[in-house]
Amino acid sequence: MSMQDMKFVQNFMKMTNDAWLKGWHERNGGNISYRLTSENVESIKNIIDENRDYSPIGVTVKNLANEYFLVTGSGKFIRNVAVDLEANVGIVKIDEKGENYKVVWGLVNGAKPTSELPSHLMSHSVKFEATNGNHRVIMHSHATNLIALTFVLPLDGAVFTRELWEMATECPVVFPSGVGIVPWMVPGGAEIAEATSELMKKHDVVIWAYHGVFCSGEDLDLTFGLMDTVEKSAEILVKVLSMGGKRQTISSDNFRDLARDFNVTISEEYLK
Ligand SMILES: [Zn+2]
């Protein structure tokens with residue numbers, strides 16, 4: 001079987017194409033990474049090439065030592081992933097110290113993994129610890145309405161969480177731990193990776209002001225669904241604000257009732 005035939009790769013191609021069609025990935029905007037299962041790694045062991053050299057990640061992710069990730073390439077267009085897999089994505093392996101990576105498949109013609117690799121891997125590292133290895137996907141998108149809101153709402157995670165929750169009843173069930181906000185920072189380095197991963201300890205959704213959003217999830221479907229839900233809610237809020245703002249809304253007690261019936265724990269900090 002070729003790499004393209006692998007189920008996890010097919011799922012990845014579908015997700016990237018769906019995300020492109022959503023309008024979240026202009027040009028080379030956004031990047032996605034998936035941590036392979038041991039079964040995934042076993043299934044591709046005759047296809048990959050382990051002989052290439054390691055390069056520094058720029059951050060240390062000790063608990064991801066020897067893990068493999070499917071990642072989109074630096075400067076590559078999400079819309080082209082499903083068209084030419086090898087040119088636009090690669091599989092990287094992390095070394096024993098969690099300090100270096102090497103490409104073991106794809107990213108042909110000297111292409112490199114996404115420039116946001118430090119943010120992806122540090123967030124994976126935090127989520128690996130926090131979820132006992134259950135989370136496998138980090139998705140960074142330039143979701144239009146969420147970005148628009150960072151120009152209007154205070155850059156406060158509690159305010160964003162409450163506003164987004166009020167826009168769709170399912171929201172507190174889909175992202176009960178709320179959203180975190182990173183103020184504007186230069187993308188691509190260790191500093192923004194540190195800030196993002198710090199917020200990932202508490203949230204599955206971290207918004208980068210005036211830039212985009214990171215979502216973490218157990219699998220490709222759930223992570224795409226999370227991104228879609230948060231962005232849909234942001235779209236409703238943009239429409240509501242454009243119509244002059246809320247006249248009525250969901251109350252804190254409504255949310256408490258919802259949490260009880262849907263068996264989710266939501267922090268009182270969002271229910272003031
Ligand atoms: Zn970006």
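Which residues point one way from S4, and which the other way? In this predicted model, Val89, Ile91 and Lys93 point one way from the strand, while Gly90, Val92 and Ile94 point the other way, and all are buried. The count for the strand agrees: 6 of the 6 residues of S4 are buried, and S4 is described as mostly covered. A good place to begin, then, is the sheet to which S4 belongs.

The sheet is open and is formed by 9 strands, whose order is S2-S5-S4-S3-S1-S6-S9-S8-S7, with mixed pairing. Strand S2 (55–56) and strand S7 (179–182) stand at the edges with a single partner strand each, so one side of each is left without a neighbour in the sheet. As a reminder for what follows, strands of a sheet pair through backbone hydrogen bonds, either parallel or antiparallel.

Around S4, the pairing can be followed on both sides. S3 and S4 pair in the antiparallel sense over 5 bridges, and Thr72 stands opposite Val89 in S4. S4 and S5 are also paired in the antiparallel sense, over 5 bridges; here Gly90 stands opposite Gly106 in S5. The hairpin of S4 and S5 has 5 residues between the strands, and within this hairpin Gly98 takes a positive phi near 75°.

Attention now turns to S6. S1, which covers residues 31–35, is joined to S6 by 4 bridges, and the two strands run antiparallel. Tyr34 has Val137 of S6 as its bridge partner, and Ser33 stands opposite Ile138 in S6. Going on to S9, 5 bridges join S6 to this strand, again with the two running antiparallel, and Ser141 stands opposite Val213 in S9. S6 is mostly covered, with 5 of its 5 residues buried. Both faces of the strand are covered: Val137, Met139 and Ser141 are buried on one side, and Ile138 and His140 are buried on the other.

Helices pack on this sheet as well. Helix H1 (residues 7–21) touches S1, strand S3 (68–72), strand S4 (89–94) and S6, and the direction of H1 makes about 160° with that of S1. Helix H4 (residues 117–130) also packs on the sheet, and touches S1, S3, S4, strand S5 (100–106), S6, S8 and S9. The direction of H4 makes about 40° with that of S1.

His140, already met on one face of S6, takes part in the metal site. The zinc ion is coordinated by the NE2 atoms of His140, His142 and His211, at 2.1 Å. Along the sequence, the donor residues of the zinc ion follow the spacing H-x1-H-x68-H. His142 lies in the loop between strand S6 (137–141) and helix H5 (144–149), and His211 lies in the loop between strand S8 (205–208) and strand S9 (212–217), so the pair ties together parts that are 69 residues apart in sequence. Both His142 and His211 are buried.

For readers interested in cavities and surfaces, the largest pocket has a volume of about 290 Å³. Its lining comprises 17 residues, of which His135, Asp204, Ser216, Gly217 and Glu218 are the closest to the centre of the pocket. At least two lining residues are supplied by each of H4, S9 and helix H9 (220–242). Among the contributors, H9 gives the most to this lining, with 3 residues.

Leu220 lies in helix H9. Leu220 counts as buried because its relative accessibility is 8%, below the 20% limit for a buried residue. Leaving aside neighbours within four places in sequence, Leu220 is in contact with Phe8, Asn11, Phe12, Met15, Tyr34 and Val137. Two of these contacts, Tyr34 and Val137, are the bridge partners described above for S1 and S6. The C-alpha atoms of Leu220 and Ser33 are separated by 9.4 Å, although the two residues are 187 residues apart along the chain.

A final residue of interest is Ser252, found in helix H10 (residues 252–262). With a relative accessibility of 13%, Ser252 counts as buried. When residues up to four places away in sequence are not counted, Ser252 touches Arg162, Leu271 and Lys272.

Note on methods
Residues numbered from 1 in each chain as written. Predicted model: local features only at pLDDT ≥ 70, side-chain atom pairs only at ≥ 80, totals over all residues. Heavy atoms only, no water. Donors = N, O, S within 2.8 Å, 3.2 Å for Na, K, Ca; no water. Buried < 20%, exposed > 50% of the residue type's maximum accessible area, 1.4 Å probe, protein only. Pairing = 2+ DSSP bridges. Contact = heavy atoms within 4.5 Å. Axes fitted to C-alpha atoms, helices over the stretch in contact; angles between N-to-C directions. 1 Å grid on protein atoms, 1.4 Å probe; cavity = no way out; pocket = protein on both sides within 12 Å on 5 of 7 lines; lining within 4 Å. Points joined across faces, edges and corners; volume = space filled by probe spheres on them.
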